[in-house]
Amino acid sequence: QVVTLLQDDVLITECTYNSKTRNTMTTGGLTTKDEMCLTFLTYYPRIDLVSCMSEVKLESLAKKLNVNSSTSIELYQTLSQWNWTETLGKDFEAKLLSSPQITTIVTRTGVQEVTANIPSIPPERVSPCVRAQASVSPRLMG
């Protein structure tokens, strides 16, 4: 599907995973035991963009969770010891989505980091699609 993006339009990809069959915490990462969310976008005309990556600002998330940790490893170790329930998972997700995100934009001439919250997008602007076990919802806001 061809979509015209205009200046100041925002694309957000949200991945939802089902790891209910696991008895341990599932984290994001690059191994086969982790969950991954990758988005590839083809665009024209060419712009000076090499990559764009985002991740939650872990210090802010730890504070919202009332967890005393100074590194991502400490945070993951603490979270892996929690007794996860559906209610705790939903509370965690809400705190994760309301935590600042660090976006790293890499161009041929440099690197820029931007910290911002994920914008709230009305449900009518969400276009869901399903792939295998994970569902991906590209969001276009403009």
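Reader: Why is Thr115 called partly exposed?

Author: In this predicted model, Thr115 has a relative accessibility of 46%. Buried would require a value under 20% and exposed a value over 50%, so at 46% Thr115 falls in between and counts as partly exposed. Thr115 lies in strand S4 and, leaving aside neighbours within four places in sequence, is in contact with Lys57, Pro100, Gln101 and Ile102. From C-alpha to C-alpha, Thr115 and Ile102 are 4.5 Å apart in space, although 13 residues separate them in sequence.

Reader: What makes S3 and S4 a pair of strands, and how are they joined?

Author: Two strands pair if there are at least two bridges between them, and S3 and S4, which run antiparallel, have seven, so the condition is met. One of the bridge partnerships sets Thr103 against Val114 in S4, and a hairpin of two residues joins S3 to S4.

Reader: How do you know that S2 belongs to the sheet, and which strands stand at its edges?

Author: Six bridges join S2 to strand S3, residues 101–107, in an antiparallel arrangement, and as at least two are needed for pairing, S2 and S3 count as partners. Met53, for instance, stands opposite Thr104 in S3. The three strands form an open sheet in the order S2-S3-S4. Strand S2 (51–56) and strand S4 (110–116) are the edge strands, because each has a single partner, which leaves one side of each without a neighbour in the sheet. Direction ignored, neighbouring strands of this sheet are turned against each other by 15° on average.

Reader: Why is Ser69 called buried, and where is it found?

Author: The relative accessibility of Ser69 is 17%, and because buried means under 20%, Ser69 counts as buried. Ser69 is found in the loop between helix H1 (58–64) and helix H2 (72–80). Apart from neighbours within four places in sequence, Ser69 is in contact with Ala62, Glu74 and Leu75.

Reader: Which residues form the largest nonpolar core?

Author: This core has eight residues, namely Val56, Leu61, Ala62, Leu65, Val67, Leu75, Leu79 and Phe92, and H1 and H2 each supply at least two of them. Beyond four places in sequence, Phe92 is in contact with Leu61, Leu65, Leu79 and Trp84.

Reader: What makes Arg108 and Asp48 a salt bridge, and why does the pair tie together separate parts of the chain?

Author: The closest N and O atoms of Arg108 and Asp48 are 3.4 Å apart, and since the limit is 4 Å, the pair qualifies as a salt bridge. Arg108 lies in the loop between S3 and S4, whereas Asp48 lies in the loop between strand S1 (10–16) and S2, so the pair ties together parts that are 60 residues apart in sequence. Arg108, at 48% relative accessibility, counts as partly exposed, and Asp48 is partly exposed at 33%.

Reader: How many salt bridges are there by this rule, and which pairs lie in helix H3?

Author: The count comes to three. In helix H3 (residues 86–97), Lys90 and Glu86 are four residues apart and separated by about one helical turn, and their side chains meet at 3.4 Å, N to O. Lys95 and Asp91, both in helix H3 and also four residues apart, have their closest N and O atoms 3.1 Å apart.

Reader: Why is Lys90 called exposed but Lys95 partly exposed?

Author: Exposed means over 50%, so Lys90, at 52%, counts as exposed, while Lys95, with a relative accessible area of 24%, is partly exposed.

Methods: Residues numbered from 1 in each chain as written. Predicted model: local features only at pLDDT ≥ 70, side-chain atom pairs only at ≥ 80, totals over all residues. Heavy atoms only, no water. Axes fitted to C-alpha atoms, helices over the stretch in contact; angles between N-to-C directions. Buried < 20%, exposed > 50% of the residue type's maximum accessible area, 1.4 Å probe, protein only. Contact = heavy atoms within 4.5 Å. Core = buried A, V, L, I, M, F, W, Y, C linked by side-chain atoms within 4.5 Å.
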